[in-house]
Amino acid sequence: MPLGGKALKKREQNNNAKAGIVTDDKVLRKQATAKEECKCAICNLTFKVTKKNADQRIHAESKHPRNALAECFPGLEFA
């Protein structure tokens, strides 16, 4: 008796999972729409990159007042 489409797809997903390949549509969509992250160069705390980067600015002003914003987050643009 031949396997149905669901059984073949499930078998393929299981083989890919063993190999470390993600085939789940929800996971792939979530990864595609995830926001970029950046780390503070001084304390390695991770932040999500946004339009204004307010969290990074507040962090730099409160935790590292002696250092400039560019020292904490090199490569980021602040509006």
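The exercises below, each with a worked solution, concern a predicted model.

**Exercise 1. Determine how many disulfides the structure holds, and describe the places of cysteine 40 and cysteine 43.**

Solution.
- Step 1. A disulfide requires two cysteine sulfur atoms within 2.5 Å.
- Step 2. The count for the structure is zero disulfides. Cysteine 40 is in none, and its nearest cysteine sulfur, that of cysteine 43, is 3.6 Å away. Seen from the other side, cysteine 43 is also in no disulfide, with the sulfur of cysteine 40 as its nearest cysteine sulfur, at 3.6 Å.
- Step 3. Cysteine 40 sits in the loop that runs between strand E1 (37-39) and strand E2 (46-48).
- Step 4. Burial is assigned under 20% relative accessible area. Cysteine 40, at 0%, is therefore buried. Cysteine 43 has a relative accessible area of 37% and is partly exposed.

**Exercise 2. List the residues that cysteine 40 and histidine 59 contact, leaving aside neighbours within four places in sequence.**

Solution.
- Step 1. For cysteine 40 the contacts are Leu45, His59, His64, Cys72 and Phe73.
- Step 2. Histidine 59 is part of helix H3 (residues 54-63). With a relative accessibility of 7%, histidine 59 is buried.
- Step 3. Histidine 59 is in contact with Cys40, Cys43, Leu45, Phe47, His64 and Phe73.
- Step 4. Comparing the two lists, Leu45, His64 and Phe73 appear in both.
- Step 5. As a contrast, threonine 23 is 17 residues from cysteine 40 in sequence, and the two C-alpha atoms are 32 Å apart.

**Exercise 3. Identify the residues of the largest nonpolar core, and trace the contacts of alanine 60.**

Solution.
- Step 1. The largest nonpolar core has seven residues: Cys38, Cys40, Phe47, Val49, Ala60, Cys72 and Phe73.
- Step 2. Not counting residues up to four places away in sequence, alanine 60 touches Pro65, Leu69, Cys72 and Phe73.
- Step 3. Of these contacts, Cys72 and Phe73 are also members of the core.

**Exercise 4. Describe the geometry of the aromatic pair and say which parts of the chain it links.**

Solution.
- Step 1. A pair of aromatic rings is described by the distance of the centres and the angle of the planes.
- Step 2. The structure holds one aromatic pair. Phenylalanine 47 and phenylalanine 73 form it, with 5.6 Å from centre to centre and 80° between the planes.
- Step 3. An angle over 60 degrees counts as edge-to-face, and the pair of phenylalanine 47 and phenylalanine 73 is of that kind.
- Step 4. Phenylalanine 47 belongs to strand E2 and phenylalanine 73 to the segment after helix H4 (69-72), so the pair links distant parts of the chain, 26 residues apart.
- Step 5. Both phenylalanine 47 and phenylalanine 73 are buried.

**Exercise 5. Find the salt bridge and state which elements its two residues occupy.**

Solution.
- Step 1. The count is one salt bridge.
- Step 2. Its partners are the side chains of glutamate 37 and lysine 48, at 3.1 Å from N to O.
- Step 3. Glutamate 37 is in strand E1 and lysine 48 in strand E2, so the salt bridge ties together parts that are eleven residues apart in sequence.
- Step 4. Glutamate 37 is partly exposed at 48% relative accessible area, and lysine 48 is partly exposed at 44%.

**Exercise 6. Compare the surroundings of asparagine 44 and asparagine 53, each with a positive phi.**

Solution.
- Step 1. Most residues other than glycine have a negative phi, and most peptide bonds are trans.
- Step 2. Asparagine 44 has a phi near 60°, and asparagine 53 has one near 55°.
- Step 3. Asparagine 44 lies in the loop between E1 and E2, whereas asparagine 53 lies in the loop between E2 and H3.
- Step 4. Asparagine 44 is exposed, at 52% relative accessibility. Asparagine 53 is buried, at 2%.

**Exercise 7. Check the span of helix H1 against the expected value, and examine asparagine 16 and the residue just after the helix.**

Solution.
- Step 1. Helix H1 covers residues 5-19, which is 15 residues.
- Step 2. From first C-alpha to last, helix H1 reaches 21 Å, close to the 21 Å expected at 1.5 Å a residue.
- Step 3. Glycine 20, just after H1, takes a positive phi of about 90°.
- Step 4. Asparagine 16, in helix H1, is buried at 17% relative accessible area. Not counting residues up to four places away in sequence, asparagine 16 touches Ile21 and Thr23.

Note on methods: Residues numbered from 1 in each chain as written. Predicted model: local features only at pLDDT ≥ 70, side-chain atom pairs only at ≥ 80, totals over all residues. Heavy atoms only, no water. Helix = DSSP H or I, 4+ residues; strand = E, 2+ residues; numbered from the N terminus. Buried < 20%, exposed > 50% of the residue type's maximum accessible area, 1.4 Å probe, protein only. Contact = heavy atoms within 4.5 Å. Expected span 1.5 Å × (residues − 1). Core = buried A, V, L, I, M, F, W, Y, C linked by side-chain atoms within 4.5 Å. Salt bridge = Lys/Arg side-chain N within 4 Å of Asp/Glu carboxyl O. Phe/Tyr/Trp six-rings, centres within 6.5 Å; stacked < 30°, edge-to-face > 60°.
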